[in-house]
Amino acid sequence: MNDLLSDTYDAKDRSPREHDIEMGRRLQRSSSDMGMEVFNKQIQEVEKQIEKLSVLLTKLKDANEESKSVTKASAMKAIRKRMEKDIDEVGKIARGVKSKLESISKDNLANRQNPGCGKGTGVDRSRTNMTNALTKKFKEVMSEFQALRRKIDDEYREVVERRVLTVTGTRADEETINQLIETGNSEQIFQIAMQDTGRGQVLSTVEEIQERHDAVREIEKKLLDLHQIYLDLAVLVEAQGDMLDNIETQVSNAVDHVQSGNTALQTAKKLQKSSRKCMCIAIIILLLIIAIVVVGVLQPWKTNKGA
């Protein structure tokens, strides 16, 4: 489909410079290219911001893995601060990218008013497809943040269960674990362990669980704030998908029509060749018949005998 959208060549070496649109690569054009140079710069800026989001996502995943082995409240607090700072940065970038993509979409519609850039033209389809591909990529990155939020919540329960088992020596029931997860207050649960092993040692675990509870809840809240951006993108991508399907259908129909036309031309050529062959055979037969009739009428052998 990409080859049908537009074929652009460098004026110097005449080599193809347009890359696969669905891979998110940019369309290279000359400076007088119906607005494509400015459009490409906008796309590049958005791509850089999405890359930043991917880097921050990796940092958050690494920090989460690190937090699972932490046993001190001070270490957990340090990880919490780092993660909250990164998530705040994610929110700032994500809102900026969403706003920029909306602006680009509006520019795409306005660009249709320019000569040679109307709806359905190669320039219009190129802009639309690259914008849609980038929006889809952004949505996929945002979905990974939502997956991380769910993972942190699930792993929090596992960590709490291990802490209780380590301190008390027994596996706590589900109601006890749920209470710990909801409140973060574990001192009452560890009363017996305090009497057996000493209050100071157990309090260290209590503080770590409380700090972990606060960290998980705050991180979850911040990540949940990004959920609305994800939902908005999901609706937008779905709408764009319907539009792309319509474009694909139109192009597919056009290709089918071209192929049908080629088939009809080939059939016509075959029929034309067949008709010519039949005509030649008919002419030869007709000439033979005429020759036979002429010979029969003139009877040259009788004339020779009479002479």
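A surface patch here is made of residues with over 30% relative accessible area and no salt bridge, and nonpolar side chains are joined into one patch within 5 Å. The model used in these exercises is predicted.

**Exercise 1.** Work out which residues form the nonpolar patch on the surface, and how exposed Ile 283 is within it.

*Solution.* The patch consists of Met 279, Ile 283, Leu 286, Leu 287, Ile 290 and Val 294, which together have about 570 Å² of accessible area. Taking one member, Ile 283 is placed in helix α8, which covers residues 227-298. Its relative accessible area is 44%, and since partly exposed lies between the limits of 20% and 50%, Ile 283 is partly exposed.

**Exercise 2.** Compare the expected span of helix α4 with the distance between its end C-alpha atoms.

*Solution.* Helix α4 runs over residues 122-168 and has 47 residues, so at 1.5 Å a residue it should span 69 Å. The end C-alpha atoms are 70 Å apart, which agrees with that expectation. Just after the helix, Gly 169 takes a positive phi of about 85°.

**Exercise 3.** Determine how the buried and exposed residues of helix α5 (residues 174-183) are arranged around the helix.

*Solution.* Begin with the buried residues of α5, which are Thr 176, Ile 177, Leu 180 and Ile 181. Seen down the axis, the buried residues of α5 fall within an arc of 135°, and therefore line one face of the helix. In general, an α-helix has 3.6 residues a turn, so residues three or four places apart point the same way. On the other side of α5, Glu 174, Glu 175 and Glu 182 are exposed.

Methods. Residues numbered from 1 in each chain as written. Predicted model: local features only at pLDDT ≥ 70, side-chain atom pairs only at ≥ 80, totals over all residues. Heavy atoms only, no water. Helix = DSSP H or I, 4+ residues; strand = E, 2+ residues; numbered from the N terminus. Expected span 1.5 Å × (residues − 1). Patch = residues over 30% accessible without salt bridge, like charges linked within 9 Å, V, L, I, M, F, W, Y side chains within 5 Å. Areas by Shrake-Rupley, 256 points an atom, 1.4 Å probe, with all protein chains shown as cover. Salt bridge = Lys/Arg side-chain N within 4 Å of Asp/Glu carboxyl O. Buried < 20%, exposed > 50% of the residue type's maximum accessible area, 1.4 Å probe, protein only. Arc of directions from axis to C-beta.
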